[in-house]
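Me: I should like to learn how to read a structural model with two chains, feature by feature. Please give the general idea each time and then the case at hand.

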Amino acid sequence: MPSISQNPSSHVLPDWRNLGVLLRILLGANGLALFAALTQADGLWHWMQRFAEFAAWLEAPLLLAIILLAVLRDVLGRLSPWSGRLAVLTIAGAAACLQYLLWEWLALATGAAWQAVLLGVTVAALLLYYLELRARAFSPAVAEARLMALNARIRPHFLFNSINAVLALIRAEPRQAEAALENVSDLFRAALRDPSDWLPLSDEIALCRQYLELEKLRLGERLRVQWDIREVPLDARIPPLMLQPLVENAVYHGIEPAAEGGEIRIVFARNRDEILIEISNPTRGGQRHTPGNQMALGNIRERLALYFDLEARLEIEERDESYRVSIRLPCRTSLSAS
Amino acid sequence: MPNQPLRILIVDDEPPARLRLRELLGDLAPQLPLEVAGEAENGVAALSQLDERQVDVVVTDIRMPRMDGIELAEHLGSMLSPPAVIFVTAYDNYAVQAFDLNAVDYLLKPVRAPRLQAALQKVQQQRGAQGDMLRNIGQMLRGSGRTHLSCQERGRLLLVPVDEVLYFKADFKYVTARTREREYLLDESLTRLEQEYADRFLRLHRAVLVARNAIAGFERAGDDDAEAYGWALLRGVNERLPVSRRQWGLARDLARGS
């Protein structure tokens with residue numbers, strides 16, 4: 001099976017369609033304009049005036065460049081690193097040049113065209129350098145290592161309890177014990193998988209079902225699960241082990257402490273380009289969450305940030321009787337990944 | 001009584017874990033005379049079983065709903081002839097750390113027969129639990145106090161759920177706990193209860209701790225009232241508790257804040 005590595009940070013060029021990258025470009029370019037305005041300003045009011053003039057000149061080519069980069073992302077990604085960078089600078093220079101021509105036509109232009117182009121290319125080079133530095137801080141080697149460490153955290157509590165349950169089954173129910181061990185093995189295969197191999201959503205759902213079957217061995221009737229899978233693209237690819245730790249959390253904090261058990265609700269839905277996943281479990285009023293829970297959630301949050309930057313979100317809704325974690329992921333099907 | 005079989009109670013909330021222990025104990029029976037006297041799914045159920053029958057050893061899981069294994073051991077310690085306790089835990093970092101810190105013996109799941117046998121042989125020599133140490137470990141693991149308080153009444157162990165206690169009052173040597181239904185005489189100190197339940201109970205007076213959620217309101221006492229500076233009114237029972245001058249401001253602020 002070919003593995004699909006689509007961790008955005010593994011490319012040299014930034015992911016031009018990523019919201020975080022776009023935001024940084026906009027803020028970065030305007031920040032530079034603000035700084036440039038300062039060098040020519042006498043007094044605060046004049047500074048702001050100069051900045052407004054710069055911004056008026058800057059915004060149009062900036063937007064044009066961003067749109068071009070976003071449209072051409074996949075083409076740019078296929079180029080070699082240096083020609084990719086050169087292409088980005090060319091786009092920025094061209095956008096600046098176009099802007100100069102437009103202003104010349106409107107009789108607003110000052111200076112010469114080469115000045116505009118040089119300015120555009122310089123700003124683009126500075127931002128590209130910043131984005132690459134930033135990407136390097138998080139990846140690929142560093143991010144990879146951190147993802148590895150974060151992924152391999154199936155709770156040992158669960159491992160040993162499951163093995164204990166399987167041991168109990170061996171004499172009385174050998175077949176059930178076999179099935180259970182197979183499930184344990186699949187879960188650990190998943191935990192040890194290369195974190196840059198993204199999996200179809202359906203695989204992660206299957207993994208959660210296997211996990212819940214194991215927990216049912218131990219908890220019996222106390223564990224009830226309600227699946228609500230609405231129209232989601234089951235072939236959409238998501239990073240491995242995104243859901244299972246959340247389901248595990250729900251069992252550990254919502255079901256195990258309750259003698260009468262409870263129901264875990266798992267919802268999958270699609271909202272335009274996003275996949276929405278909700279996992280809720282009952283809580284007993286006033287029950288405080290242990291440090292273990294915070295750790296698991298912090299872990300998922302960090303992984304979401306490493307994989308998606310600002311495009312994914314994790315939210316927690318805590319009520320008296322229930323606890324709900326929801327995550328939103330950008331929906332990427334195998335098509336755009338190839 | 002060397003020929004008496006060792007009577008054992010198994011406590012775990014997971015049926016397969018109980019089955020596994022039962023099987024292991026069955027395997028050990030030829031070498032070590034023993035019998036499984038019963039099974040319980042949590043601490044509360046175990047204590048109610050022990051009301052009816054005497055056992056020599058309780059083998060208990062740590063993490064269970066309603067009442068965990070540590071608290072069970074604490075309550076066992078207050079019985080007249082307490083059984084020995086063996087803790088069994090799956091890998092649980094906090095529990096293992098707490099036990100190692102306090103040099104409490106424990107078995108790790110999955111349990112091995114030779115380890116279980118050694119623990120059973122060893123535990124017969126040392127009975128009775130170490131109350132303070134268990135209380136500290138329990139506090140560490142749960143992050144909160146015991147869920148129940150125990151009280152001896154006519155030779156029986158009664159459990160009082162802390163949730164249901166409206167207030168504690170100290171009289172001479174004893175502390176009484178008041179629930180909606182009745183009063184219980186506890187062998188506890190008010191200071192220790194105050195520490196254990198700092199987040200739930202509030203000191204009103206040198207001799208009174210009240211559950212924050214049981215306070216209905218406050219009332220200033222008349223100037224000629226020598227007994228108290230003010231009174232706290234309670235929800236659910238028609239009683240009022242004295243508030244000392246020292247605690248008046250603090251108590252009212254805290255009650256308002258919670």
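Me: Which elements of chain A have the lowest and the highest mean pLDDT?

Reply: pLDDT is the predictor's confidence in each residue, from 0 to 100; helices (H or I, at least four residues) and strands (E, at least two) are DSSP runs, numbered from the N terminus. Among the elements of chain A, the lowest mean, 46, belongs to helix α12 (residues 334-337) of chain A, and the highest, 95, to strand β2 (residues 223-229) of chain A. Chain A as a whole averages 83, with 87% of the residues scoring at least 70. This is a predicted model, in which local features need pLDDT of at least 70 and side-chain atom pairs count only at pLDDT 80 or more, while totals for chains, interfaces and linings use all residues. Residues are numbered from 1 along each chain as its sequence is written, and chains are lettered from A and ligands numbered from 1 in the order in which they are written.

Me: Where in chain A does pLDDT stay under 50?

Reply: It does so over residues 1-10 of chain A, for which the model has 21 contacts beyond four places in sequence. Two residues are in contact if their C-beta atoms, placed from the backbone, lie within 7 Å.

Me: How many residues of each chain are in contact with the other?

Reply: The contact involves 17 residues of chain B and 21 residues of chain A. On the side of chain B that touches chain A, 8 residues are nonpolar, 2 polar and 7 charged. Here Ala, Val, Leu, Ile, Met, Phe, Trp, Tyr, Cys and Pro count as nonpolar, Asp, Glu, Lys and Arg as charged, and the others, Gly among them, as polar.

Me: Why does A:Leu62 count as buried?

Reply: A residue is buried if 20 or more other C-beta atoms lie within 10 Å of its own, exposed if 12 or fewer, and partly exposed in between. A:Leu62, in helix α2 (residues 44-71) of chain A, counts as buried because it has 25 C-beta neighbours inside 10 Å.

Me: Which residues of helix α5 (residues 113-123) of chain B are buried?

Reply: An α-helix has 3.6 residues a turn, so residues three or four places apart point the same way. In α5(B) the buried residues are B:Leu116, B:Ala119 and B:Leu120. They lie on the same side of α5(B) because they cover an arc of only 100° around the axis, the arc being that of the directions from the helix axis to the C-beta atoms. On the other side, B:Pro114, B:Gln121 and B:Lys122 are exposed. Among the elements of chain B that cover the buried residues of α5(B) are β1 (6-11) and α1 (15-28).
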